[in-house]
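Colleague: Could you walk me through this model before I start working with it? I would like to take it piece by piece.
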Protein chains: 4
Amino acid sequence: MEALSLDDLNAADEAAFLAALGGIYEHSPWVAEAVMPQRPFASLAALHEAMVAAVRKAGGERQMALIRAHPDLAGKAARAGTLTADSTAEQASAGLDQLSDDEYPRFQTLNANYQAKFGFPFIICVRRHTKDSILRQFRHRLENDPDHERAAALAEIRHIAALRLDQRFADAGLGLNGRLSTHVLDTYAGRPAQGLWIALRELSDYDAPQLIARVATNADGRTDAPLIHGRPVPIGRYELLFAVGDYFADCGVPLPDPPFLDVVPVRFAVSEPEGHYHVPLLVSPWSYSTYRGS
Amino acid sequence: MEALSLDDLNAADEAAFLAALGGIYEHSPWVAEAVMPQRPFASLAALHEAMVAAVRKAGGERQMALIRAHPDLAGKAARAGTLTADSTAEQASAGLDQLSDDEYPRFQTLNANYQAKFGFPFIICVRRHTKDSILRQFRHRLENDPDHERAAALAEIRHIAALRLDQRFADAGLGLNGRLSTHVLDTYAGRPAQGLWIALRELSDYDAPQLIARVATNADGRTDAPLIHGRPVPIGRYELLFAVGDYFADCGVPLPDPPFLDVVPVRFAVSEPEGHYHVPLLVSPWSYSTYRGS
Amino acid sequence: MEALSLDDLNAADEAAFLAALGGIYEHSPWVAEAVMPQRPFASLAALHEAMVAAVRKAGGERQMALIRAHPDLAGKAARAGTLTADSTAEQASAGLDQLSDDEYPRFQTLNANYQAKFGFPFIICVRRHTKDSILRQFRHRLENDPDHERAAALAEIRHIAALRLDQRFADAGLGLNGRLSTHVLDTYAGRPAQGLWIALRELSDYDAPQLIARVATNADGRTDAPLIHGRPVPIGRYELLFAVGDYFADCGVPLPDPPFLDVVPVRFAVSEPEGHYHVPLLVSPWSYSTYRGS
Amino acid sequence: MEALSLDDLNAADEAAFLAALGGIYEHSPWVAEAVMPQRPFASLAALHEAMVAAVRKAGGERQMALIRAHPDLAGKAARAGTLTADSTAEQASAGLDQLSDDEYPRFQTLNANYQAKFGFPFIICVRRHTKDSILRQFRHRLENDPDHERAAALAEIRHIAALRLDQRFADAGLGLNGRLSTHVLDTYAGRPAQGLWIALRELSDYDAPQLIARVATNADGRTDAPLIHGRPVPIGRYELLFAVGDYFADCGVPLPDPPFLDVVPVRFAVSEPEGHYHVPLLVSPWSYSTYRGS
């Protein structure tokens, strides 16, 4: 879908306006309709606030209808290919479109238990999560009481709408992009470590680690682009693997056999998808440090 | 076997002397016989040197006979239970008595290839190695030329004899014991981390990690005893797992959900079995350092 | 003075008992008299507790007499050489016997102001302080109200009595000894840094730094003895200077001219004189870490 | 002086060309004359290379005249105000225009000794040095043999000319600017340390430390601008002082009295004036690390 501009939206006729914003809230074009008279919007943030306010003012019944308009996660609609384009892309972002044969029933059971308890589908802003954290949230939220859970569903819908808006418009965004980056300093030679291979993996309690990126450091000891950027960093657990042994061997540093340090793993979790996670490594053949930097 | 004293040995009659030392070199009591007239030995080190010198002076033919007197690693004799007591205990120390169904043929193939190339069995001082490094050495040494490999076999026999002597005598030893220890400093509170769970695992290219120790730190942030001590630290690759997330949560430190650091893995290799490996962790909820200490 | 034993004290006649303990409380043998009937004392701690209890039960008037029995710090009695032996040694421990020409009037002014405000001399357990922290305490306590200050004086007298007891007896002590130690790890070579020169200096707001120790590290990267031990570590500010540049140059490590790191200063403060302060340095030619260890 | 452009220079008449470049080499407009016919110059680097080549081809006699055209450092011409504008600014950059009463004779003695030994003035590219390193170089180079020293003088003249060119033109420069920066990470809270005061001081064997910058960190834990940038970082020794104790106290972190860490000093040397020196601090109330970063 081509990126829109706020100027175009402010000038659009009703049909074009609804075509642009009708899908921001899943199967609920009434939210777009409600804010149409408030044009022009000075910023994407103003538009987003207006839509959030429209949902808030719509009252409990319409809010519940909005919640119920959402599909199951990895559910029958997804399998049948009848999701909205947004939902399809979102569920794919966490790999929910490619569940293995024992993952699929796990989701079905959770969906069924959730529907049975609350009477509406489990909603989560998938783009802000890894599959692992979706499953953790699913289990965790099943223990909530209905009022709390209704509020949780609406909060997730706000996140979903914000990200859909942010992606649809070319204008200055809503500040929803996080960043995950690294940097390797060679404290043996006192310079950035160049040509050191790094792998980033997503960890899961339910599955093998999944490779997200594999890249060598540049002359500044960094990766040419952040490992994750231009989108939220999904909540979840990660592992960086640094090929320290190969790097120092390539530098001609004398090392024991086997080297004291070879592949150095750094495991950490992301809890703020909109945050900047800089996870550097300061390393000699005999020591290393890591920390959450900025 | 009850520990001997050097005084007893120096005073023993011939039969008792040979009973004590006949097995230091595998199926080769002639080494003990050769040093018997040199009594008294002032120290275990002097006895060891005398035996090493006897092998050196014995010449190539007897040295080859000594080499050939050794059993295959994880071979038929081991399966049949016909190894010497020393060999049985040694092979068990690296788990060679408990190979899985796909490990056993791996060893048989390597044994056969080695015998075919060199005409004598592959000898390695098992107590100085993990199963993983034995397999690496096996593969590596298969590429040697025969002269180099003959020297390698005699060097391993020296190690084996030294360790057998060291274990048999209650006297001051030969300095063959290494040590692996750790220490956790809490840099958030500025004190040793008490009650932090640590696991030590042996890593392998061929197998799942194997748990060696699991223990909580004491009031000084250390384990009550070193993780490995009183014996060589087997050459190989290890992983320490530090339950940092649980520790800080137990301390009441405010943490994100999930915590930035949870289980911190530190992977390192041992290349000097007689060395001291102190691998500490300095850790806050947001940073850590590790290094080879002393 | 020869060290006493508790056994001797328990068996001593009255005169000997008072000779031994009469000076534990400055010019106040009545405290020793009060506890004499409670013999035998099972431990030094029991004796100390008994004396503390005797002071507590003696009531406000006698407590004030006890307070007033103490000399001024660096006062006329000290100059005239009429202090008790204990007070003389104590004041010397922080260098109060060697004040410079501008320090002496500083103390006289503070003494006069303190006497004028509270009507009794300023008391502090000098062995637990540096000259710098004594001056800070002096200024700080001048701002107290009289009740608070009376309690502070009695607390200091307890410390003084405990340390005098601890030094007078050969028996197991009262746990009043702190320790200050260091350790240098060379993270370039992965081993303890041997032969690295270290200086320990006491810092002051009022004076030039004062050298306390200068020593080279041994093969384990430590000093042969802790830098301060066998006594409280005086409250105050310190600086460790590590001659890192010379060390790496001596090791033949290639370094820029001038080297990035040369003399590395580590400044820290001691607030618990009875604590263990281990302040190590992990250092390469391009990086270092330090922390309060244990 | 207004910045020039290479385009203007390429189009200038002879008088304007010489006005622009005549002073690049001290009192030696012949270098500019020699390269005038080679116009147009495609880049500042090409112009610089042409001038360097002109000096190289001019032969030993003219080179010696060029060397002799330079003034003494902090010499009579400087006192009399008869230096070229460039030389005046350069000598001021290292504080040579503000020598104290005991520094001035030190320079005169060195100048005299140097002239006596070599027959020409001591030349150093002052903008690449601190006063301390100028004095060290002075002493060091006095020990050279004449050939070596002649080459050293010409090398310094190349540096001086390059920096004069770089400053005179608005075009893309010669890459002569270094950078000194810092960054403070709070490993207690897992975020950049904001509002932490930092002082940068230049150290000297001959003088008290001299304050260069004093600034508080911003929300990213950095200073708004690098501490030194847009020019070479003078070779010399520096000290960063980080007000760590005040920072953590302001954050409400519970600290002992006095705090274990208060003002943390980090001393380091710069040996490559064109390099990037990033000297960060990772700090908790009980630990810190620093390193040469990038």
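**Domains and chain contacts**

Modeller: The domain assignment, whose bounds come from an automatic or database source, splits chain A into domain 1 (6-168) and domain 2 (178-290). This is a predicted model, in which local features need pLDDT of at least 70 and side-chain atom pairs count only at pLDDT 80 or more, while totals for chains, interfaces and linings use all residues. Residues are numbered from 1 along each chain as its sequence is written, and chains are lettered from A and ligands numbered from 1 in the order in which they are written.

Colleague: How far apart are the C-alpha centres of domain 1 and domain 2 of chain A?

Modeller: Those two centres are separated by 34 Å. Nine residues of domain 1 of chain A are in contact with 12 residues of domain 2 of chain A, where contact requires that the C-beta atoms, placed from the backbone, lie within 7 Å.

Colleague: And what classes of residue are on the domain 1 side?

Modeller: The side of domain 1 of chain A that touches domain 2 of chain A has two nonpolar, three polar and four charged residues. Here Ala, Val, Leu, Ile, Met, Phe, Trp, Tyr, Cys and Pro count as nonpolar, Asp, Glu, Lys and Arg as charged, and the others, Gly among them, as polar.

Colleague: Moving on to chains A and B, how many residues of each are in contact?

Modeller: Chain B contributes 22 residues, and these are in contact with 22 residues of chain A. On the side of chain B that touches chain A, strand 8 (263-270) and strand 11 (287-291) each supply at least two residues, strands being DSSP runs (E, at least two residues) numbered from the N terminus. The largest share of that side, six residues, comes from strand 8 of chain B, and by class the side divides into 13 nonpolar, four polar and five charged residues.

Colleague: Which way do strand 11 of chain A and strand 11 of chain B pair, parallel or antiparallel?

Modeller: Strand 11 (residues 287-291) of chain A and strand 11 of chain B pair in the antiparallel sense over five bridges, pairing being assigned if DSSP finds at least two bridges between two strands. Within this pairing, A:Tyr288 has B:Thr290 in strand 11 of chain B as its bridge partner.

Colleague: What turn lays chain B on chain A?

Modeller: A turn of 180° with a shift of 0.0 Å along the axis lays chain B on chain A with an RMSD of 0.1 Å, the copies being superposed by least squares on the C-alpha atoms of residues with pLDDT of at least 70 in both. In chain B, the C-alpha nearest the axis belongs to B:Ser289, 2.0 Å from it. The same surface serves both copies, with 100% of the contact residues of chain B recurring in chain A.

Colleague: OK, and what about chain D on chain C?

Modeller: For chain D on chain C, the turn is 179° and the shift along the axis 0.0 Å, with an RMSD of 0.1 Å, and that is the relation of a two-fold axis. The C-alpha of D:Ser289 is the nearest to the axis in chain D, at 2.0 Å.

Colleague: What stands opposite C:Ser289?

Modeller: C:Ser289 stands opposite D:Ser289 in strand 11 of chain D, and strand 11 (residues 287-291) of chain C pairs with strand 11 of chain D in the antiparallel sense over five bridges.

Colleague: Last one, is strand 8 of chain C mostly covered or open?

Modeller: Strand 8 (residues 263-270) of chain C is mostly covered, with six of its eight residues buried, that is, with 20 or more other C-beta atoms (placed from the backbone) within 10 Å of their own. Strand 7 (residues 236-243) of chain C pairs with strand 8 of chain C in the antiparallel sense over eight bridges, and C:Glu239 has C:Arg267 in strand 8 as its bridge partner.

How values were computed
Contact = placed C-beta atoms within 7 Å. Buried ≥ 20, exposed ≤ 12 C-beta atoms within 10 Å, placed from the backbone. Helix = DSSP H or I, 4+ residues; strand = E, 2+ residues; numbered from the N terminus.
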